[in-house]
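Please work through the following exercises with the sequence and the model open beside you. Each task is followed by a solution that goes step by step.

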Amino acid sequence: LMTTNCIIPLKDAYRDRIDEIISGTVKKVTRDSVIVDLGNNAEALLAREDIIPRETFRVGTRLRALLKE
């Protein structure tokens, strides 16, 4: 599992998990961001500026991230 910081628009199910480490699976990688599947019909956007330099992601990779509002 990789660990990085992530800013995620909040869904009601995740409001009580702010400032917690959450896990997900990389769903799509673009030049500007990584889309993470959190399960339970929720996705997160990991912006390129929030990724550790030279860290790479592949579709299907599990990761952990800090949930921010």
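**Exercise 1.** With which residue does Arg17 form a salt bridge, and how far apart are the closest N and O atoms?

Before the solution, some ground rules: this is a predicted model, in which local features need pLDDT of at least 70 and side-chain atom pairs count only at pLDDT 80 or more, while totals for chains, interfaces and linings use all residues. Residues are numbered from 1 along each chain as its sequence is written, and side-chain values use heavy atoms, with hydrogens and water left out.

Step 1. Apply the criterion, by which a salt bridge is a side-chain nitrogen of Lys or Arg within 4 Å of a carboxyl oxygen of Asp or Glu.
Step 2. Arg17 meets this criterion with Glu20, the closest N and O atoms being 3.4 Å apart.
Step 3. Consider accessibility, where buried means under 20% relative accessible area, exposed over 50%, and partly exposed in between (1.4 Å probe, protein chains only). Arg17 is partly exposed because its relative accessibility is 29%, and Glu20 is also partly exposed, at 35%.

**Exercise 2.** How many salt bridges does the rule give, and which residue does Lys27 pair with?

Step 1. The count comes to three salt bridges.
Step 2. Lys27 and Glu43 meet through their side chains at 2.3 Å, N to O. This pair links distant parts of the chain, since Lys27 belongs to strand β2 and Glu43 to strand β4, 16 residues apart; strands (E, at least two residues) and helices (H or I, at least four) are DSSP runs, numbered from the N terminus.
Step 3. Lys27 is partly exposed, with a relative accessible area of 46%, and Glu43 is partly exposed at 43%.
Step 4. Arg31 forms a salt bridge with Asp32, with 3.7 Å between the closest N and O atoms. Here Arg31 counts as exposed at 72% relative accessibility, whereas Asp32, at 49%, counts as partly exposed.

**Exercise 3.** Is Val26 buried or exposed, and which residues is it in contact with once neighbours within four places in sequence are left aside?

Step 1. Val26 is found in strand β2, and it counts as buried because its relative accessible area is 2%.
Step 2. Taking contact to mean heavy atoms within 4.5 Å, and leaving aside neighbours within four places in sequence, Val26 touches Val34, Ile35, Phe57, Arg58, Val59, Gly60, Thr61 and Leu63.
Step 3. One of these partners, Arg58, is 32 residues from Val26 in sequence, yet their C-alpha atoms are 6.7 Å apart in space.
Step 4. For a second buried residue, turn to Ser33 in strand β3 (residues 33-39), whose relative accessibility is 11%. Outside its neighbours within four places in sequence, Ser33 is in contact with Lys28, Leu45, Leu46, Ala47 and Arg48.

**Exercise 4.** Where does Asp19 lie, and what is its phi?

Step 1. Recall that most residues other than glycine have a negative phi.
Step 2. Asp19, which lies in the loop between β1 (2-7) and β2 (21-29), has a positive phi of about 70° although it is not a glycine. Asp19 is partly exposed, with a relative accessible area of 49%.
Step 3. Arg54, in the loop between β4 (42-47) and β5 (62-68), likewise has a positive phi, near 65°, and counts as exposed at 82% relative accessibility.

**Exercise 5.** Where in the protein chain is confidence lowest, and where is it highest?

Step 1. Use pLDDT, the predictor's confidence in each residue, from 0 to 100. Its mean over the protein chain is 82, and 83% of the residues reach 70 or more.
Step 2. Confidence is lowest in β1, at a mean of 52, and highest in β2, at 94.
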